[in-house]
Each structure stands twice: as C-alpha cells, then as structure tokens.
Amino acid sequence: MKIKTKGGTKYERQIAEATAKWCVEHLGIGDILIFLQIKNYDDCWGSCVEGSVENSYRITVANQQSLRDFVATITHEMVHVMQWETGKWSGDGESEAKHWQYKLADKLWKADVL
C-alpha cells in the first residue's frame, strides 16, 4: 500500500494518512495506491474515483469540517475503495458508505490510532 497526500496542513495530512492506512488494514483491502488531496471543497465533503493506474484511487476530502467529520469522510471514501476492490456493492454504494463512515471513524478512535 502506498499513500500520496497533498494539500492541507501537516496535521491534516498525518490524520488523513493514518486514517486511510487503518482502513486498508481493517477492511482488508490489499495492495493499492491512494492519491489523497486535502483542500477547500465546495461541491461535497469528499469524493473517490478510480485512478489511471490499476488498483489506484484518487480521494479528495474537504478540510473545512470538524475533525470527526473529516475522519468519517475519509472512512466513507475508503468504503468506496473497498467496494471497487471487491466488486461488491448495491446501487451506487452510497448507503453502505454512509452506514459505515461514523462507525469506522469511532472504531478507529477506540483503537487509539489518532
């Protein structure tokens, strides 16, 4: 697994990388490449699209949200990564990602990752 992060503050990048790494391990995603961009984001809190290289993903996350929401947004997008990697989701996958985002964020905190 490799994570390349840009934008945001050093602290935001550390939080984002720790969260993404934990999700890869916890969700059993496997060997992937993540390009994670942190920025002011007007359209939504985050997005995830497949990258141009096999098993790569581009995640964008808004930094103008609370820390808990910031982490939950990353876990939400990582659920989408898991869906692409496994090929398993229903509909557009949003309901599953919404269902798990705060549960995963809270579990990550309880595991003392952050």
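Angles of 65 to 115 degrees between axes count as roughly perpendicular. The axes of α1 and α3 cross at roughly 100°, and the two helices are therefore roughly perpendicular to each other. This is a predicted model, and the report below starts from that helix pair.

## Confidence

The average pLDDT of the protein is 93. A score of at least 70 is reached by 100% of the residues. Among the elements, α1 has the highest mean pLDDT, at 96. The lowest mean, 91, belongs to strand β3, residues 46-50.

## The α1 and α3 contact

Two packed helices are described by the angle between their axes and the distance between the axes. Here the axes of α1 and α3 come within 11 Å. Which residues make the contact between α1 and α3? From α1 come Thr19, Trp22, His26 and Leu27. They meet Leu104, Lys107 and Leu108 in α3. By type, the residues of this contact divide into 4 nonpolar, 2 polar and 1 charged.

## The nonpolar core

In soluble globular proteins, nonpolar side chains tend to be buried together. The largest nonpolar core of this model has 27 residues. Ile32, Ile34, Leu36, Met78 and Val81 touch the most other members. Five elements are listed as giving at least two residues each: α1 (10-27), β2 (33-39), β4 (56-62), α2 (67-86) and α3 (94-110). Which of the elements gives the most to this core? Helix α2 does, with 8 residues.

Ile32 deserves a closer look. Leaving aside residues up to four places away in sequence, Ile32 touches Met1, Lys2, Val24, Asn55, Tyr57, Met78, Val81 and Glu85. Two of these partners, Met78 and Val81, are themselves among the core residues that touch the most other members. Another partner is Asn55, which returns below.

## Three residues of helix α1

Arg13 is found in helix α1. Its relative accessible area is 26%. Partly exposed covers the range between under 20% and over 50%, so Arg13 is partly exposed. Beyond residues up to four places away in sequence, Arg13 touches Thr5, Lys6, Gly7, Gly8 and Ile38. Arg13 and Ile3 are 10 residues apart along the chain, and their C-alpha atoms are separated by 10 Å.

Glu17 also has its place in α1. Is Glu17 buried or partly exposed? Glu17 is partly exposed, with a relative accessible area of 32%. With residues up to four places away in sequence not counted, Glu17 touches Ile3 and Thr5. Thr5 is thus touched by both Arg13 and Glu17. Glu17 lies 9.7 Å from Lys2, C-alpha to C-alpha, and 15 residues from Lys2 in sequence.

Gln14 lies in α1 as well. At 45% relative accessibility, Gln14 counts as partly exposed.

The C-alpha separations are set out below.

| Residue pair | Apart along the chain | C-alpha separation |
|---|---|---|
| Arg13 and Ile3 | 10 residues | 10 Å |
| Glu17 and Lys2 | 15 residues | 9.7 Å |
| Glu54 and Gln14 | 40 residues | 25 Å |
| Gln14 and Met78 | 64 residues | 16 Å |

Met78, in the last row, is a member of the largest nonpolar core. Its C-alpha atom is 16 Å from that of Gln14.

## The loop between β3 and β4

Glu54 is found in the loop between β3 and β4. Glu54 counts as exposed, at 70% relative accessibility. Its C-alpha atom is separated by 25 Å from that of Gln14.

Asn55 lies in the loop between β3 and β4 too. Asn55 is partly exposed, with a relative accessible area of 29%. Asn55 is also one of the residues that Ile32 touches.

## Positive phi

Most residues other than glycine have a negative phi. What is the phi of Asn55 near? It is near 60°, a positive value in a residue other than glycine.

Asp112 has a positive phi as well, near 60°. Asp112 sits in the segment after α3. With a relative accessible area of 64%, Asp112 is exposed.

Notes
Residues are numbered from 1 along each chain as its sequence is written. This is a predicted model: local features need pLDDT of at least 70, side-chain atom pairs count only at pLDDT 80 or more; totals for chains, interfaces and linings use all residues. Side-chain values use heavy atoms; hydrogens and water are left out. A nonpolar core is a set of buried Ala, Val, Leu, Ile, Met, Phe, Trp, Tyr and Cys residues joined through side-chain atoms within 4.5 Å. Buried means under 20% relative accessible area, exposed over 50%, partly exposed in between (1.4 Å probe, protein chains only). Helices (H or I, at least four residues) and strands (E, at least two) are DSSP runs, numbered from the N terminus. Contact means heavy atoms within 4.5 Å. Axes are lines fitted to C-alpha atoms, for helices over the stretch in contact, and angles run from 0 to 180 degrees between N-to-C directions. Angles under 35 degrees count as roughly parallel, over 145 as roughly antiparallel, 65 to 115 as roughly perpendicular and the rest as oblique. Ala, Val, Leu, Ile, Met, Phe, Trp, Tyr, Cys and Pro count as nonpolar, Asp, Glu, Lys and Arg as charged, and the others, Gly among them, as polar. pLDDT is the predictor's confidence in each residue, from 0 to 100.
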